[in-house]
Amino acid sequence: MTTNHQDNQNHGQNGLQVKEQEVVVVMVPFPAQGHLNQLLQLSRLVSSYNIPVHYVGTASHNLQAKVRVHGWNPLNIFNIHFHDFEIPPFVSSPPDANGTCKFPPHLQTCFNASKQLGHPLAQLLVQLSSTARKVIVIHDSLMGSVLIQEVRVIPNVESYCFHSVSAFSIYLYIWESMGKSIDVNDAIPKDIPSLEDCFTKEFLDSISSEYDYRKFNSGNVYNTCRVIESAYMDLLDRETMDWAHRQEIVTSNMVETAVTRLMASKEGDEMRNRAAELGRQVRQSMREGGVSCTEFNSFVAHITR
């Protein structure tokens, strides 16, 4: 990557010297652990290119992300900055262990309240955009609505939508929304588990409301690896993103069946050998010159252009 970082100093509104930056990145995660962790891991990757990263959220969710991360300490990386923003108080009902829906509905009030991050986030973007040549916002696919106004009115701000689910899942949504009419050449396995009772209607409605904001993004970031999902990345490259507003999870009985096959069978031996080979290929892809390394270098070069 070829990026020149300026060392000039500017006087901010408070009279203190503010260091000018070429490019800064702002991460806007969705307040659920899997989402928090994915964008924190991405923050580490981006910061390794000597790009300052600002990770925003509530104090409790930022703390959750920091203490649950494995293998490294975010506080030891000088250019990852956490911003603890306040949101209105909210009341959560206790979890319902006997509910028919497996989704945790008691978290919905927290998800709704997190959409109030827009005002403090706007202030941060205005501040950063005044001292940086470019501000790159990478937001979770469920958090686009909190920043759309600023992305539209601040000329040196670009936003990118981060998809936390697999490329397979994303393409499955497209394929199903088109009535399964696209010839996918057996790319979609048969007997995909049903979505029934996976999510509450309120959560699905909140997902749907986010899709209207994606047209203002400059691009999409997928949490995947071409070594494993090249077929689905190629399919995504060929299709438009005008698709239905749905999500998917894998049911426990499918996992149990797969584990049984892995434990004691010739097929299981073949699957384990294939998994070991895939692991080797994935590790190779992250090394210098590997496909994942090359694609991430390309992304960094794009946002710092």
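The legends below describe close-up views of a predicted model.

Residues are numbered from 1 along each chain as its sequence is written, and side-chain values use heavy atoms, with hydrogens and water left out. In this predicted model, local features need pLDDT of at least 70 and side-chain atom pairs count only at pLDDT 80 or more, while totals for chains, interfaces and linings use all residues.

**Figure 1. The chain as a whole holds eleven helices and eight strands.** Helices (H or I, at least four residues) and strands (E, at least two) are DSSP runs, numbered from the N terminus. Buried residues make up 45% of the 305 residues; buried means under 20% relative accessible area, exposed over 50%, and partly exposed in between (1.4 Å probe, protein chains only). The chain exposes about 16,900 Å², of which carbon and sulfur atoms supply 52%. Accessible areas come from the Shrake-Rupley method with a 1.4 Å probe, and for residues only the protein chains shown count as cover. A contact means heavy atoms within 4.5 Å. Of the contacts with a separation of 6 or more, 73% are between residues 24 or more positions apart.

**Figure 2. Strand S6 (residues 132–140) pairs with S3 and with S7.** Two strands pair if DSSP finds at least two bridges between them. S3 and S6 run parallel and are joined by seven bridges; Val24 has Val135 in S6 as its bridge partner. S6 and S7 are also parallel, with six bridges, and Asp140 is partnered by Phe162 in S7. Eight of the nine residues of S6 are buried, so the strand is largely enclosed by the rest of the structure.

**Figure 3. Ile138 lies in strand S6 and is buried, with a relative accessible area of 0%.** Leaving out residues up to four places away in sequence, Ile138 touches Val25, Val26, Met27, Val28, Leu39, Leu42, Tyr160, Phe162 and Phe299. Cys161 is 23 residues from Ile138 along the chain, and their C-alpha atoms are separated by 5.9 Å.

**Figure 4. The largest nonpolar core has 32 residues.** A nonpolar core is a set of buried Ala, Val, Leu, Ile, Met, Phe, Trp, Tyr and Cys residues joined through side-chain atoms within 4.5 Å. The members that touch the most others are Val26, Val28, Leu121, Val135, Val137 and Phe203. At least two residues come from each of S3, helix H3 (108–114), helix H4 (118–129), S6 and H7. H4 gives the most, with four residues. A second, separate core of 26 residues includes Val25, Leu40, Ile51 and Ile80. Val135 contacts Val24, Val26, Leu125, Leu128, Ser129, Asn156, Val157 and Glu158, not counting neighbours within four places in sequence.

**Figure 5. The structure holds twelve aromatic pairs, one of them between Phe30 and Phe203.** Rings of Phe, Tyr and Trp (its six-membered ring) pair if their centres lie within 6.5 Å; planes under 30 degrees apart count as stacked, over 60 as edge-to-face and the rest as tilted. The Phe30 and Phe203 rings are tilted, at 6.4 Å centre to centre with 55° between the planes. This pair links distant parts of the chain, 173 residues apart: Phe30 is in the loop between strand S3 (21–28) and helix H1 (33–47), and Phe203 is in helix H7 (residues 201–210). Phe30 is buried at 3% relative accessible area, and Phe203 is buried at 6%. Ring pairs join Phe30, Phe103, Phe111, Phe199 and Phe203 into a cluster.

**Figure 6. Strand S8 (residues 219–222) has side chains that alternate between two faces.** Gly219 and Val221 point to one face and are buried, whereas Asn220 and Tyr222 point to the other and are not. In a regular strand the side chains alternate between the two faces of the sheet. Strand S7 (residues 157–163) runs parallel to S8 and is joined to it by four bridges. His163 stands opposite Tyr222 in S8.

**Figure 7. Helix H6 (residues 167–177) is mostly covered, with nine of its eleven residues buried.** The buried residues include Phe168, Tyr171, Tyr173 and Trp175. They pack against S7, S8 and helix H8 (226–238). Gly179, just after H6, takes a positive phi of about 70°.

**Figure 8. Asn50 has a positive phi of about 65° although it is not a glycine.** Asn50 sits in the loop between H1 and strand S4 (53–58). Its relative accessibility is 42%, so Asn50 counts as partly exposed.
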